[in-house]
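Open the model in your viewer and keep the selection tool at hand. This tour goes stop by stop: what to select, then what is there.

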Amino acid sequence: MKSSHELKNYQNEQHSFKLRLTVLGFFVLFGFILLTARFYFLQISRHDYYQTLAENNRISIVPITPNRGLISDRNGVVLAHNFFVYTLEITPSMVKDFDATISEISKLVEVSPLDLKRFKKLKAESRTFESIPLRTHLNEVEAAKFAVNRFRFPGVELKSRLFRRYPLGKQGAHMVGYIGRINDKDLANLTKNNALSNYKGTDHIGKSGIEQSYESVLHGTTGFQQVEIDADGKAVRILSSQAPISGSNIILSADSKLQEIAETAFGDRRGALVAITPGTGEVLAFVSMPTFDSNLFVDGIDVENWKLLNESLDKPLINRPLRGVYPPGSTFKPFAALAGLENDKRKPPFSINDSGFYTLPSSSHRYRDWKPGGHGVVDMRRAITISCDTFFYGLAMELGINRLSSFVHHFGFGQKSGIDIAGEVSGLLPTPEWKMRRYKQPWYMGETVIVGIGQGYTLTTPMQLAQATAILANKGVAMRPHLVSAIADPKTGIAKVTQPIISDKITLDENNLEIVRLGMIDVTLPGGTAASVGANAGYNVAAKTGTAQVIGIKQNEKYNADLINERHRDHALFIAYAPAEDPKIALAVIVENGGHGGSAAGPIARKVMDYYLLGKVPAKETPEEIVVKNPAEPNNVNSANQSTNTNEEVHYD
Amino acid sequence: MLTEIFQKLLKHIDAFLMACLLFTLLVGLFVLYSASGQSIDKISAQIINITIALFMMWAVTNVQPQLLERIAPPLYLVGVLLLIIVEIFGHVSHGAQRWLDLGVIKIQPSEIMRIAAPMMLAWYFSKREVSPTKTDFAIATILLLIPVVLIMKQPDLGTSLLISGSGFFVIFLAGLSWRFIIGSVVVLGGCMPFFWSMLHDYQRRRIEILFDPTQDPLGAGYHTIQATIALGSGGIAGKGWLNGSQAQLDFLPERTTDFIFAVFAEEFGLAGNLILLFLFSLIIVRGLMIAAQAKSTFSRLLAGSITLTFFTYAFVNMGMVSGILPVVGVPLPLISYGGTSMVSLLIGFGILMSIQTNKKLVASG
């Protein structure tokens, strides 16, 4: 038997086969006996039980929705919570004539055509034994009116359901986000993630911001009751039940007071501000202006308000910190400076004699500095302080686009910061390969020149700019930015604290960092481009101003802010970290069409830093609100030809 | 003259098996009539399905087992190829794609594999000159795993499990050593606690729900809860044809397809269940007899596998409806509504008949 070389012995094989066939026969017998036993158990032993269930009518499985987790700021200020409202709900399987019932109900409680439309839609999507809201937000009078007439409406119930409210309304709306009614797309998503049964009885789901990105944490686990109901639809007996598990509470790293100060500082200007703790990546403020009231969306936004928000030229619905893309302008210079220093270019005592413009060899085209006539002798530190364009034109040329791009890429330019809410875009860090792919054109040298001062194709989001500043403040160690600092169990109160994650580590020479830091501190000292930001601060601020062009200026034209339509004025940018010696906060501010960074965006940053570092609350309507443009400040950095993609006049081979 | 033609046409039909099949199919039509809410359309469609399937079964009875043996490898290869094509195009259209649209007809390669996979394995073992070695069993396992994995990726867990079953039966009947079988059972059983500890909480929860659906009464458990109520309330004699309240009042999901047995059990009770089990037993016993009497290795392995696979279908479906097995999409053979499974099932019985009647001809002639 053991020998594998033995020729097939048919007798033996037949015998073995029949033995195995018999074994399988017993296997079949065993299976059928098992089934018979099960049938006996169900149909004889437990027959009465099931008989009662089937006859006494039906059992109904009623979902019990969990409480959605709360969202609060780092100091416990509640940003999103739940409250009870009365709803009028109908269980379709218990109502014979809908039209008659609803028309009777509408004599007691107002039912709008919109309610009716929503009810019909929900009815088509649900199982017949699930109760569906006909009206929500009943007031006390309506609730009482229905309650006394309850007996007339079998299958119609007055329930109290949890609704969501955002007590601070407009403040931080882009960060907290909002919930809305579950739609077909959400349903498809839930089906895909196998989460549909957990959403039985739930009408709302996170649609944006924290509410969306932390949906699975906030929602909790739906409980259920298996109830026996009689012919009138009244619950007779609870057969089994499982309590729901409330969603976890979320504690943000943001400070709502800081947020308020920042939003107030913007006034009615458009823009964004992101503030980060450099050492941990905690996001302290996340401002997108103008903003909107999250409460509008909870139960479906009405048409007028939607139109107002959606069609506004100010685009309040756009999440500017994550989705707004702007050229970084001169705020790019500190990073370009480090790129040069780390590649052993422009190391002290190197200096140039700036006569107000830069030309490429073999071209007569002048890349002008923002200051006509130039800055004279300029070294690296001073180039940052006075935002010398000429210095950085030459630096970019000597480095070349590939070395420059690949260095600043580590600071997060051209890539998503990885913040824990969805919707971030990656901006753009141009390379010759990218241009070939995108435009099927070669890279021109002139394009490298202007990348050096943050113009050209380069695009950043405020989030990226803040993150880049935080990485700089943290000496090259990139911490992943996050809004959620802890997730707390509502029952036990035990919080799971978000651990800081190092997402990248750039090896940088201390001496080079020091040169950039000193240059940036000088920016906020007398003679710098944002001297007013540092004045009487009581702490040192390392900063950089920037201006991003909105429309192109021709070679021989002068930029004159007063003559240009407000929406075509330059964007004002400002990045800073403070205290410069031991940074506690790093931020980026963008004021759309604000003009110059130092005067428009700087004061906003100052207020934020003052509150965060010193606890100073700005007085209402301080004179600082009225911005007086300092003639010494470069108002029109871009009067030099910052050829943007659209108005490129000269091509360089 | 007419009777002669008739006899010639039915020469290869096994009368006993045929009688059992026809009777079960008839029972199925009655249940379907009730389950579909007395829909004549559904009944007509099912009669067409049955007619096509019976015709194909008849055609297969006329194919000599030797020919079946010869076409086994090419059929298997074509099946695998089609599965790969489905896999590639399935990715293009995001998700589960089981059908291959050839313009004129649509084919479901996994259905071909239900027959082709056991045929291929039976062919492989019949070609061995010596008693199968460990290597042979390893190769057979690989031949089986290729279609099983491809079908699992579609994803169609039910079919891939049934095909693994049909392949396993061939391997078992070919003489896989007892020591190995017992050994693997012990090893796998021993590893279970280890695998379990490796899983995340949510993964464990999913498996728990698969085996005990009542834990998720809003989702997967809904079917099982309603089906057990239907079964239990049926009692000994049942509520009578067309009188099952669970079935008629819309509480039973998928009651013409995977859960049709709940309708049957509610209306015909324990008595009906036992009669159905008896009918299935007759078919299985006849199949096992055909396997035992078959003359070639190929025929007997294939006949054994086809019979046991039929049992597996019936057992898994009734087990899942009565709540002792997880809910996987397996129809009740010969009863559930549907064309494709009917065709592959009856082709299987056609092969059984061909094996039985052709052997007789060889023996007498």
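**Stop 1: chain B as a whole**

Select chain B. Of its 365 residues, 46% are buried. This is a predicted model, so take every value on the tour as computed from it. Colour chain B by secondary structure: 14 helices and 2 strands appear. Now turn to its contact map. Take the contacts in chain B with a separation of 6 or more: 71% of them are between residues 24 or more positions apart.

**Stop 2: helices H2 and H3 of chain B**

Select residues 15–35 of chain B, which form helix H2, and residues 40–61, which form helix H3. Their axes come within 10 Å and cross at roughly 160 degrees. An angle over 145 degrees counts as roughly antiparallel, which means that H2(B) runs roughly antiparallel to H3(B). The crossing of H2(B) past H3(B) is right-handed.

Which residues make the contact between H2(B) and H3(B)? Show these side chains:

- From H2(B): B:Leu25, B:Leu29, B:Leu32 and B:Tyr33.
- From H3(B): B:Lys42, B:Ile43, B:Gln46 and B:Ile50.

Sorted by class, this contact has 6 nonpolar, 1 polar and 1 charged residues. Look at the spacing along each helix as you rotate. An α-helix has 3.6 residues a turn, so residues three or four places apart point the same way.

**Stop 3: helix H13 of chain B**

Move to H13(B), residues 297–321. Put a distance label on its end C-alpha atoms: they are 36 Å apart. At 1.5 Å a residue, the 25 residues of H13(B) should span 36 Å, so the two values agree.

Is H13(B) mostly covered or mostly open? It is mostly covered, with 24 of its 25 residues buried. Step just past the end of H13(B) to B:Gly323, where phi is positive, at about 85 degrees.

**Stop 4: where chain B touches chain A**

Show both chains. Select the residues in contact across them: 41 in chain B and 39 in chain A. On the chain B side, five helices each supply at least two residues. They are H7 (157–173), H10 (221–234), H11 (245–248), H12 (260–293) and H13 (297–321).

Which helix gives the largest share of this side of chain B? Highlight H12(B), which contributes 10 residues. Now colour the chain B side by class: 21 residues are nonpolar, 17 polar and 3 charged.

**Stop 5: chain A as a whole**

Hide chain B and select chain A. Its secondary structure comprises 22 helices and 23 strands. Of its 653 residues, 44% count as buried. Among contacts in chain A between residues at least 6 apart in sequence, 76% join residues at least 24 apart.

**Stop 6: A:Ile276**

Centre on A:Ile276, in strand E11 (residues 271–276) of chain A. Is A:Ile276 buried or exposed? Buried, because 32 C-beta neighbours lie inside 10 Å; the cut-off for buried is 20 or more.

Leaving out residues up to four places away in sequence, select what A:Ile276 touches. The set is A:Gly281, A:Glu282, A:Val283, A:Leu284, A:Ala466, A:Gln467, A:Ala470, A:Pro481 and A:Ala586. Pick A:Gln467 from that set. A:Gln467 is 191 residues from A:Ile276 in sequence, yet the two are 7.3 Å apart in space, C-alpha to C-alpha.

**Stop 7: two cis peptide bonds in chain A**

Select A:Met289 and A:Pro290. A cis peptide bond joins them, with omega about -5 degrees. A:Pro290 sits in the loop between strand E12 (283–289) and helix H11 (303–311) of chain A.

Then select A:Pro348 and A:Pro349. A cis peptide bond joins this pair too, with omega about 10 degrees. A:Pro349 belongs to the loop between helix H13 (333–342) and strand E13 (351–354) of chain A.

**Stop 8: positive phi outside glycine**

Go to A:Lys315, in the loop between H11 and helix H12 (320–323) of chain A. Its phi is near 45 degrees, a positive value in a residue other than glycine. A:Lys315 is partly exposed, because 16 other C-beta atoms lie within 10 Å.

End at A:Asp344, in the loop between H13 and E13 of chain A. Phi of A:Asp344 is near 60 degrees, again positive in a residue other than glycine. Is A:Asp344 buried or exposed? Exposed, because it has 9 C-beta neighbours inside 10 Å, and 12 or fewer is the cut-off.

Definitions and conventions. Residues are numbered from 1 along each chain as its sequence is written. Chains are lettered from A and ligands numbered from 1 in the order in which they are written. This is a predicted model: local features need pLDDT of at least 70, side-chain atom pairs count only at pLDDT 80 or more; totals for chains, interfaces and linings use all residues. Two residues are in contact if their C-beta atoms, placed from the backbone, lie within 7 Å. Helices (H or I, at least four residues) and strands (E, at least two) are DSSP runs, numbered from the N terminus. Ala, Val, Leu, Ile, Met, Phe, Trp, Tyr, Cys and Pro count as nonpolar, Asp, Glu, Lys and Arg as charged, and the others, Gly among them, as polar. Axes are lines fitted to C-alpha atoms, for helices over the stretch in contact, and angles run from 0 to 180 degrees between N-to-C directions. Angles under 35 degrees count as roughly parallel, over 145 as roughly antiparallel, 65 to 115 as roughly perpendicular and the rest as oblique. A crossing is left-handed if the near helix is turned anticlockwise from the far one by less than a right angle, and right-handed if clockwise. The expected span of a helix is 1.5 Å times one less than its number of residues.
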